[in-house]
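Student: I have a model to go through, and I want each label justified. Can we set every value against its cut-off?

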Amino acid sequence: MAIESTYRIYGGELSYFTRKLEAAMIFYGAPFEMLDKNEHDPQRIEARSGTHQVPVLQTPENWMIGDTTPLMRLLDDRFPYRRMFPEGPLGILVQVVEEFFDEWIARTMVHYRWHYPESAQFASLKMARGVPGIAERVRDWGPRACRATGTESGRQRQACEEEYGRILVAAERQLKETAFLLGDRPTAVDAVVLGSLRGHTNMDPDPKKVVAGYPQVVEWAENRADQWDGRGELAGFPDSTPFARTILKEMVSTYRPYVLGNRDAQAAGAKAFHANVYGEDVSYLSRPYPEQSRRMILARIDMLSTAERSTVKAWLQRAGLDDCFDARASLAPRRRPREPLKP
């Protein structure tokens, strides 16, 4: 019996990580179709994939797999000339920058969607397929997600929007110089940034007004990014691009205290933790996945040669992120989905 050649993504149009995987599949040049999970026997998909979260990728072999970062590692082996993670130290840089968007900027998407009434109305009705009662229940969930991810206070809301504004400025400047954010070919960083734009900030009405002020970003997200012909080079390690350097600088004061606090909370079995972010003591829900994801980077560093590991550790120290990627006080890795909250 012949194996189908098409991949299937089961997810949602407004899902950050579904749209991230969609962007990656376009970059791979892989045959795929996007399907709404809720319309395709979700119980069966959850039973087979082991997760109720999205996205889930059904491979031509009929595997059902969740979690976008390991999925892209799998697909890199299948499409080696279009890989999302370069080999060697540059691949570590890509994964560290991707981590910022996966585990930190996702909270900004949650904030924009659920703290603005027009966006909450728009998104909840889309998710509920226009059924008002279901949409109201979805909107009731939004504030809880915001509390869990630390954007409840006015100060945090303003600061995370200012942070996102700095990211848009850096992306606008970078896309005037290179075809993608880390050079002239895409990486996992481009996939996750496109996921955020296509699933959230260039979709929901309130942040869409903000993104509209960055025409290079809009054109890239709506058209140019999908036109990649498979050619081009990335900026080298460790300097990379101005965009990458901007993100690494942002990580020191936001992602770093968050991930270290979550690491320690997971080790202690705590349900919540506090971290000082934007000059304010903030409460966050302690979650297993950010710790597992941090350990994925540790594992990739361990796979480097001795000389490469030394180079990467020196780079992380210069970036002020070396303590984020050590093996201290970590839980044993557990298989968890990429999208613990559905912004």
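Tutor: We take the whole chain, then helix pairs, then single residues.

Tutor: This is a predicted model, in which local features need pLDDT of at least 70, side-chain atom pairs count only at pLDDT 80 or more, and totals for chains, interfaces and linings use all residues. Residues are numbered from 1 along each chain as its sequence is written, and side-chain values use heavy atoms, with hydrogens and water left out.

Student: How many helices and strands does the chain have?

Tutor: There are 14 helices and six strands. Both are DSSP runs numbered from the N terminus: helices are H or I with at least four residues, strands are E with at least two.

Student: Why is the chain called as compact as a globular protein of its length?

Tutor: Its radius of gyration is 19 Å, and the globule rule gives 20 Å for 343 residues. The radius is taken over C-alpha atoms, and the rule is 2.2 Å times the number of residues to the power 0.38. The two values are close, so the chain is as compact as a globular protein of that length. Along the principal axes, the C-alpha atoms fill a box of roughly 60 × 55 × 45 Å.

Student: What share of the residues is buried?

Tutor: Buried residues are 55% of the 343. Buried means under 20% relative accessible area, exposed over 50%, and partly exposed in between (1.4 Å probe, protein chains only). The accessible surface of the chain is about 14,500 Å², with 51% belonging to carbon and sulfur atoms. Those areas come from the Shrake-Rupley method with a 1.4 Å probe; for residues, only the protein chains shown count as cover.

Student: What percentage of the contacts join residues at least 24 apart?

Tutor: Among contacts between residues at least 6 apart in sequence, 74% do. Contact means heavy atoms within 4.5 Å.

Student: What makes H1 roughly parallel to H3?

Tutor: The axes of H1 (residues 16–28) and H3 (residues 68–78) come within 11 Å and cross at roughly 10 degrees. Under 35 degrees counts as roughly parallel, over 145 as roughly antiparallel, 65 to 115 as roughly perpendicular, and the rest as oblique. So H1 is roughly parallel to H3. Axes are lines fitted to C-alpha atoms, for helices over the stretch in contact, and angles run from 0 to 180 degrees between N-to-C directions. H1 contributes Phe 17, Lys 20, Leu 21, Ala 24, Met 25 and Tyr 28, while residues of H3 in the contact include Leu 71, Met 72 and Leu 75. By class, this contact has eight nonpolar, two polar and two charged residues. Nonpolar covers Ala, Val, Leu, Ile, Met, Phe, Trp, Tyr, Cys and Pro; charged covers Asp, Glu, Lys and Arg; the others, Gly among them, are polar.

Student: Why are H1 and H4 called oblique?

Tutor: Their axes also come within 11 Å, but cross at roughly 140 degrees. That angle falls in none of the named ranges. H1 and H4 are therefore oblique to each other. Tyr 16, Phe 17 and Lys 20 of H1 meet residues of H4 including Glu 98, Phe 101 and Asp 102. The classes here are six nonpolar, no polar and three charged.

Student: How do you know that Glu 250 is buried?

Tutor: Its relative accessibility is 9%, under the cut-off, so Glu 250 counts as buried. Glu 250 sits in H11 (residues 242–253). Beyond four places in sequence, Glu 250 touches Phe 100, Glu 163 and Arg 166.

Student: Why is Phe 237 called partly exposed?

Tutor: Its relative accessible area is 23%, between the two cut-offs, so the middle label applies. Phe 237 lies in the loop between H10 and H11. Leaving aside neighbours within four places, its contacts include Leu 93 and Trp 315. The C-alpha atoms of Phe 237 and Leu 93 are separated by 7.5 Å, though the residues are 144 apart along the chain. The peptide bond from Phe 237 to Pro 238 is cis, with omega near 5 degrees.

Student: What is the phi of Ser 240, and is Ser 240 buried or exposed?

Tutor: Phi of Ser 240 is near 55 degrees, a positive value in a residue other than glycine. Most residues other than glycine have a negative phi, and most peptide bonds are trans. Ser 240 has 11% relative accessibility, so Ser 240 counts as buried.
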